[in-house]
Amino acid sequence: MTEKLDIDHLRQWIGRSEEATDTVTAQLVKGLRATLFQEVGAPKPGDAAPLTVHWCLAQPVFPMSMLGPDGHPTRGGFLPPVPLPRRMWAGGEIEFLQPLRVGDESTRNSRIADVQVKTGSTGTLCFVSVEHSISSPRGIAIRERQDIVYREMTTTSAPAKAPPPPPKAQHRQTHVSDPVLLFRYSALTFNGHRIHYDRDYVTKVEGYPGLIFHGPLQATFIIEMAAKLHGGKPPKRFTYRGVQPLFEGSEFSINANETEAGMELWTANAEGQPTMKGTAVW
């Protein structure tokens, strides 16, 4: 049974901050390029890294004794100790100011910006918003807000509704969501969350039908596509949110439509239904 959620206690974490540093190495850039189906090449000092390489940098490191049953660190510390068992990346917003490059020492300053409780179709939801500023020796490279959602462990699902017709895309790429892809990204981001690599855990404990595709990896594919369609120029601002889980074992697509303001982008499952939606402006 889930511990009672005390929102007043959790909101005491608002304003907490931490700082972490790491170096953008050529090996990291090669691994991320390979995972994103890009040309691996031979990155040299000064070469631009993939746009979301910061999600691979300075990840928290905890001893095995401090990990919870889901593979995440036990609750508390920098993030508030939300007593809901399921934790996922719900969405966020990124501002790209300048690229991170091979050889850069990167510093991330993070701050808890907000904690809110809402009620959804699956029960209680707790949203934690974290603001990040990522700097290189040349100044601030990226500003970001991440929205993390915690939810109850439910054994029943909401009544199924007939899905709307899949949206049509002006630009589309497809890949296969296989376990190796998910494992590689977990390794690059030092992410021990078992929903991405432990099929027994994700199906028998959390009740999902298969391994879950990382939200940040979906966002990365979308951002890289947006930049590619604009001659390699990243958007000034990218806003995104998760719509539904994307699972292993089938084809997925990255899609884009031009708009007057910029671009609408989304990832979709094999049936064409969006799993993450985003907007990009230049």
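This text walks through a predicted model of one protein chain, from its overall dimensions down to single residues.

The chain holds 5 helices and 10 strands. Measured out along the principal axes, its C-alpha atoms fill a box of roughly 50 × 45 × 35 Å. A compact globule of 282 residues would have a radius of gyration near 19 Å, and the protein chain has 19 Å, so the two values agree. Of the 282 residues, 45% are buried.

The strands are a good place to begin. An open sheet of 10 strands runs in the order β1-β3-β4-β5-β2-β7-β10-β9-β8-β6, and the pairing is antiparallel. Which strands stand at the edges of this sheet? They are β1 and β6; each has a single partner strand, so one side of each is left without a neighbour in the sheet. If direction is ignored, neighbouring strands of the sheet are turned by 20 degrees against each other on average.

One pair of strands can be followed residue by residue. Strand β8, residues 251–258, pairs with strand β9, residues 263–268, in the antiparallel sense. The pairing of β8 and β9 extends over 6 bridges. To find one of the partners, look at S253: its bridge partner in β9 is A268.

The next topic is empty space inside the model. How many cavities of 30 Å³ or more does a search of the whole structure find? The search finds 1. About 40 Å³ of space lies in the largest cavity. Its lining consists of A20, T21, D22, H54, L57, A58, S106, R108 and I134. Two elements, β1 (17–23) and β3 (105–120), give two or more residues to this lining. Strand β1 gives the most, with 3 residues. Sorted by class, the lining of the largest cavity has 4 nonpolar, 3 polar and 2 charged residues.

Pockets are a separate matter from cavities. The second largest pocket holds about 500 Å³ of space. It is lined by 26 residues, and the closest to its centre are Q38, L51, E224, A227 and K228. The elements that give two or more residues to the lining of this pocket are β6 (171–176) and α5 (215–229). Helix α5 supplies the largest share, 5 residues. By class, the lining of the second largest pocket has 17 nonpolar, 5 polar and 4 charged residues.

Two residues deserve a look at their backbone angles. A58, already met in the lining of the largest cavity, has a positive phi of about 50 degrees although it is not a glycine. A58 lies in the loop between α2 (26–35) and β2 (86–96). Is A58 buried or exposed? Its relative accessibility is 15%, and buried means under 20%, so A58 counts as buried.

F190 is another residue other than glycine with a positive phi, here near 50 degrees. F190 is found in the loop between α3 (179–188) and α4 (199–204). The relative accessibility of F190 is 53%, and exposed means over 50%, so F190 counts as exposed. To sum up this pair, A58 is buried, whereas F190 is exposed.

Terms used:
Residues numbered from 1 in each chain as written. Predicted model: local features only at pLDDT ≥ 70, side-chain atom pairs only at ≥ 80, totals over all residues. Heavy atoms only, no water. Helix = DSSP H or I, 4+ residues; strand = E, 2+ residues; numbered from the N terminus. Buried < 20%, exposed > 50% of the residue type's maximum accessible area, 1.4 Å probe, protein only. 1 Å grid on protein atoms, 1.4 Å probe; cavity = no way out; pocket = protein on both sides within 12 Å on 5 of 7 lines; lining within 4 Å. Points joined across faces, edges and corners; volume = space filled by probe spheres on them. Nonpolar A, V, L, I, M, F, W, Y, C, P; charged D, E, K, R; others polar. Pairing = 2+ DSSP bridges. Axes fitted to C-alpha atoms, helices over the stretch in contact; angles between N-to-C directions. Rg over C-alpha atoms; globule rule 2.2 N^0.38 Å.
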